[in-house]
Every structure is written in structure tokens, then in C-alpha cells.
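User: I would like to go through a protein structure step by step. Please keep the answers short.

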Amino acid sequence: MADGFTIDGWDEVAKAFATFANNGKEVTPIAIRNVEDKNGNIFKNPEKTLRDQQKAKGNDAQIISPQTAYIMQEMLKKTVETGTLYYGSQFDSTYYTLNKRKGYGNKFKFKNQNGDDFIMPAAGKTGTTQNWADAWTVGFTPYYTAAFWFGFDRPGQSLGLSITGSTLAGVAWGDFMHEINNGKSYKPFVREIPEGVVRMEVCSESGQLLTQECGNHKIIAYYLAGTEPTELCQKHTNTVVNTVLIPRLEQERIKSGFSFHIEDDSDLTLNLDFLNSDKPSSETEQSESQSLYEALFGRERDEDDLEDDEEDFGNWLLQ
């Protein structure tokens, strides 16, 4: 994504991410909400004009489905909670960057009118281009969307190995978003999961359905109905089969006396001589059975063995 970003295109980047925050409806960025004269009278109102235009579009203002927007919100929230924007969302990042303490803990932690703490929902994405030439972050809350870029006008220069979208742009984005959201009441992106979205707990490593063997490798994920995983986790299931079940079955086979270890390094050949034989198939089968018996037990099978077979090998699993 970052390869196509330019300074002139950042309004489009902000517009795209704001569409996710607006549940899939079009958002048009504006710099001036209204203009007032010295007496406080509004004589130019770009925001109202824009709202009227959007209202006139009706359903055409829905650029992407609410279901897709919701899934994008949940994915990008993870970036703030545990991903590359977690650092910039903590006040410690500002202290390490500026050597100045502006606060403690989460930058999106505020107090409501009753003095109770709450975390404002926030989501976003960071990026760093090749040679550390550009560092950017774009993200949103239910109230605002902001995009930050650090770089050079001329190509070929580098910000430095330690300067990334997370360590620089993400920190500035977090500080800015803290200030403009401070004083706002709690507001979720949506009140409930849109119809047509499936919420599932899946294996965090394979993305497949959880098994007991997945242990703590699990995560909540959201899918468009019909695209959710349907197969059990193969990664951890196969691991358990290879490390536990197969060795255990081998031990049980040895204990039961039905395990044979035959080493044969000769090349695999296919003998089709029976096609030219004049013997009935029943005689051929008996001959092959006798040869197999000799290979396993080192002697020919006699009548007593045949009688034992009839007694011992009926349904031996039920004996």
C-alpha cells in the first residue's frame, strides 16, 4: 500500500480509512467547516453543503457494505491493541521520543461525565517504505480520522533504521488523536454486529476451527457469512498425531504381537507372470498365501496351522 502513497494523495488515504469508520458510507474530507463574520453570523458553510450533497445521494453513498466495513474495523483495531500502533498509543512512546512526560498508560483512556474511565475505540495501520524513506500512520476513532507522513520531498534519502511508521508516525498520530478525542463521550463504531457477519473463535496460527490441541493459540475473528472456516485445525492436530498417537499405536501393535518389522532394500517390482499361468486363480492365491507365510514364519504352513487359523482368526477383535 505504501508504495503508492504521495503527499498529494494523503487526503484520499484519509478518505478511504474514514469510510471504514463510517460503516462503509462515503466520507469527503473538508478543511473548513464554516466561515463567520465578526458578529458570529455564518455566511459560508461548506460542511452543510457537503451534508446536503451526501444526503441527496441516498443509498449511493454506501461505497462498501456495512459487513465489510465492520470486519475492517475489527482487523485494524487489533493493530492498536496488540500490533504496530500499540507503541504509539501508549504515553511512554511520547516520553521516549521527546523525553517529555505527557501522561501515563493508554492515550485513548478518558473519563466520562461521572468520572469513570473508558477506552475510546481506535483503529489504524502503520507503514514504512524501502530504505526507511517514508514512515506513515493512518487511523481513526468514531469521531475523527487522521493520516501522518514523515519523509523527504526528494527520493533516495532515508529517515534512518530506527524511524518507522510505528516509532515516529504512530507516536505523533497517537498524541494528536488523544488531544482531539479528549472530552468526547464514549462512542462505538457500531451498536451491534451487522447481519451477515459471523463471529468465531479460531486457531490463531492456522485460522481453522479450534481443537483441544490448539491450547491457547486462539483468537476471535470475523467473517462474511459463507467465508468462515469449516475444517478443524490441521497444524496442531497433525502435530499431536505425529508426536503422540502414531508412537502410541506402534507400541500397542508390538504388545499385541501383530507388528512385524521387515527390511527389504530391493527395488519394487511388479510380477505379472500370473497372467500367463494356466492355473486357476484359487490355486494362485493359495500359492501366494503359502509364500507369504514362509516369509513371516520361516517354515511352510501345515494342516495344524490351518486349523489354528480357523479357530484364532475368526473375529479376533471380539475375543
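User: Is N23 buried or partly exposed?
Analyst: This is a predicted model, and the value for N23 is computed from it. The relative accessibility of N23 is 23%. Buried would need under 20%. N23 therefore counts as partly exposed.

User: Where does N23 lie, and what is its phi?
Analyst: N23 sits in the loop between α1 and β1 (35–36). Most residues other than glycine have a negative phi. N23 is not a glycine, yet its phi is positive, near 60°.

User: Which residue in the turn between β5 and β6 has a positive phi?
Analyst: β5 and β6 form a hairpin, with 6 residues between them. The residue is not a glycine, and its phi is about 65°. It is N131.

User: Is N131 buried or partly exposed?
Analyst: N131 belongs to the loop between β5 and β6. Its relative accessibility is 46%. Exposed would need over 50%, and buried under 20%. So N131 counts as partly exposed.

User: How many residues of strand β6 are buried?
Analyst: Take the two sides of β6 in turn. A135, T137 and G139 point one way, and they are buried. W136, V138 and F140 point the other way, and they are buried too. The strand is therefore largely enclosed by the rest of the structure, and the count is 6 of the 6 residues.

User: Which residue stands opposite W136, and how many bridges join β5 to β6?
Analyst: β5 (residues 123–128) and β6 run antiparallel. The residue opposite W136 is G127. The number of bridges joining the two strands is 6.

User: What is the bridge partner of G139 in β7?
Analyst: β6 also pairs with β7 (residues 145–150), in the antiparallel sense and over 6 bridges. These two strands form a hairpin with 4 residues between them. In β7, the partner of G139 is A146.

User: Which element gives the largest share of the largest nonpolar core?
Analyst: In soluble globular proteins, nonpolar side chains tend to be buried together. Here the largest nonpolar core has 12 residues, among them F108, A146, F148, W173 and M177. Two elements, β7 and α5, give two or more residues to this core. The largest share, 3 residues, comes from α5.

User: How many residues make up the other core?
Analyst: This core lies apart from the largest one. Its members include F20, A21, L76 and F140. The total is 11 residues.

User: Which residue of β7 does M177 touch?
Analyst: Set aside the neighbours of M177 within four places in sequence. M177 is then in contact with F108, G139, F140, T141, Y144 and A146. β7 covers residues 145–150. The contact in β7 is thus with A146.

User: Is Q73 buried or exposed?
Analyst: Q73 is in helix α3. Beyond four places in sequence, its contacts are F20, A21, N23, A123, F140, F189 and V190. Its relative accessibility is 1%, so Q73 counts as buried.

User: What is the C-alpha to C-alpha distance between S89 and H178?
Analyst: S89 lies in the loop between α3 (66–81) and α4 (91–98). At 1% relative accessibility, S89 counts as buried. Among the residues it touches beyond four places in sequence are V80, F108 and W173. S89 and H178 are 89 residues apart in sequence, and their distance in space is 8.7 Å.

User: Which residues lie nearest the centre of the largest pocket?
Analyst: The largest pocket holds about 1,100 Å³ of space. Its lining draws at least two residues each from α1 (10–21), α2 (46–57), β7 and α5 (165–181). The lining has 32 residues, and those nearest the centre are V27, R51, Y143, Y144 and T145.

User: How many residues of that lining are charged?
Analyst: Sort the lining of the largest pocket by class. There are 16 nonpolar and 6 polar residues. The charged residues number 10.

User: What share of the protein chain counts as buried?
Analyst: The chain has 8 helices and 9 strands. Its length is 319 residues. The buried share is 28%.

Notes:
Residues numbered from 1 in each chain as written. Predicted model: local features only at pLDDT ≥ 70, side-chain atom pairs only at ≥ 80, totals over all residues. Heavy atoms only, no water. Buried < 20%, exposed > 50% of the residue type's maximum accessible area, 1.4 Å probe, protein only. Pairing = 2+ DSSP bridges. 1 Å grid on protein atoms, 1.4 Å probe; cavity = no way out; pocket = protein on both sides within 12 Å on 5 of 7 lines; lining within 4 Å. Points joined across faces, edges and corners; volume = space filled by probe spheres on them. Nonpolar A, V, L, I, M, F, W, Y, C, P; charged D, E, K, R; others polar. Core = buried A, V, L, I, M, F, W, Y, C linked by side-chain atoms within 4.5 Å. Contact = heavy atoms within 4.5 Å.
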